[in-house]
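Got your viewer open? Load the model, switch on the side chains and keep the selection box handy.

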Amino acid sequence: AFSESLLTPLLLHDQRNNGDLLPTARAIVDYPTSRSAAAQVLHLSRTALYSRISTIERLLSMDLNNGKEFFALSLAVRAYFGE
């Protein structure tokens with residue numbers, strides 16, 4: 001329930017816009033110290049990745065540079081994917 005409630009804005013956005021915000025969230029959770037690695041996994045430029053991160057932050061009303069907020073996103077993403 002926690003993961004779905006936190007991730008609902010991303011899920012709805014992806015559904016409405018044929019988007020890739022949830023996979024982007026997963027990549028930044030999987031590579032928390034390397035935006036370059038996350039961009040590479042997603043086959044994006046870093047500029048495009050930063051644009052998606054900004055959208056994620058706006059939709060979730062989070063600052064992913066804040067450790068507690070990033071940790072909450074990480075827990076939600078991992079729970080959603082059953083990790």
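Here is a tour of a few spots worth selecting, one stop at a time. Keep in mind as you click that this is a predicted model.

**Stop 1: the start of helix 1**

Select Ser3, which sits in helix 1, the stretch covering residues 2-17. Is Ser3 buried or exposed? Its relative accessibility is 9%, and since anything under 20% is called buried, Ser3 counts as buried. Now show what surrounds it: apart from neighbours within four places in sequence, Ser3 is in contact with Ala76, Ala79 and Tyr80.

Next, click on Phe2, also in helix 1. Phe2 is partly exposed, with a relative accessible area of 43%. Add Phe71 and Leu75 to the selection and turn on the surface: together with Phe2 they make up a nonpolar surface patch with about 310 Å² of accessible area.

**Stop 2: the nonpolar core**

Hide the surface and go inside. Which residues have the most contacts within the largest nonpolar core? Select Leu7, Leu64 and Leu73 to see them; the core itself has 22 residues. Colour by helix and you can see which elements give two or more residues to this core: helix 1, helix 2 (21-30), helix 3 (35-42), helix 4 (46-60) and helix 5 (67-80). Helix 2 supplies the largest share, 6 residues.

Stay on Leu73 for a moment and bring up its surroundings. Setting aside neighbours within four places in sequence, Leu73 is in contact with Leu6, Leu7, Ile28, Val29, Leu60, Met62 and Leu64.

**Stop 3: the salt bridges**

Time for some charges. Side chains of opposite charge can pair when their charged atoms come close. How many salt bridges does the structure hold? There are 2.

For one of them, select Arg52 and Asp20, whose side chains meet at 3.7 Å, N to O. This pair links distant parts of the chain: Arg52 belongs to helix 4, Asp20 to the loop between helix 1 and helix 2, and they are 32 residues apart. Asp20 is partly exposed, at 38% relative accessibility.

Then select Arg78 and Asp30, where the side chains form a salt bridge at 3.6 Å, N to O. Arg78 is in helix 5 and Asp30 in helix 2, so this pair ties together parts 48 residues apart in sequence. Both ends count as partly exposed: Arg78 has a relative accessibility of 30%, and Asp30 comes in at 35%.

Don't deselect Asp30 just yet. What does Asp30 contact, leaving aside neighbours within four places in sequence? The answer is Arg78 and Glu83. You can also draw a distance from Asp30 to Ser74: C-alpha to C-alpha they are 8.5 Å apart in space, though 44 residues apart in sequence.

**Stop 4: a pair of rings**

For the last stop, look for aromatic side chains. The count comes to 1 aromatic pair. Select Tyr80 and Phe81: their ring centres are 5.3 Å apart and their planes stand at 85 degrees, so the pair is edge-to-face; the cut-off for that label is over 60 degrees. Tyr80 is partly exposed, at 33% relative accessibility, and Phe81 is partly exposed too, with a relative accessible area of 31%. You have met Tyr80 before, among the contacts of Ser3, so select Ser3 again to get back to where the tour began.

Conventions. Residues numbered from 1 in each chain as written. Predicted model: local features only at pLDDT ≥ 70, side-chain atom pairs only at ≥ 80, totals over all residues. Heavy atoms only, no water. Helix = DSSP H or I, 4+ residues; strand = E, 2+ residues; numbered from the N terminus. Buried < 20%, exposed > 50% of the residue type's maximum accessible area, 1.4 Å probe, protein only. Contact = heavy atoms within 4.5 Å. Core = buried A, V, L, I, M, F, W, Y, C linked by side-chain atoms within 4.5 Å. Patch = residues over 30% accessible without salt bridge, like charges linked within 9 Å, V, L, I, M, F, W, Y side chains within 5 Å. Areas by Shrake-Rupley, 256 points an atom, 1.4 Å probe, with all protein chains shown as cover. Salt bridge = Lys/Arg side-chain N within 4 Å of Asp/Glu carboxyl O. Phe/Tyr/Trp six-rings, centres within 6.5 Å; stacked < 30°, edge-to-face > 60°.
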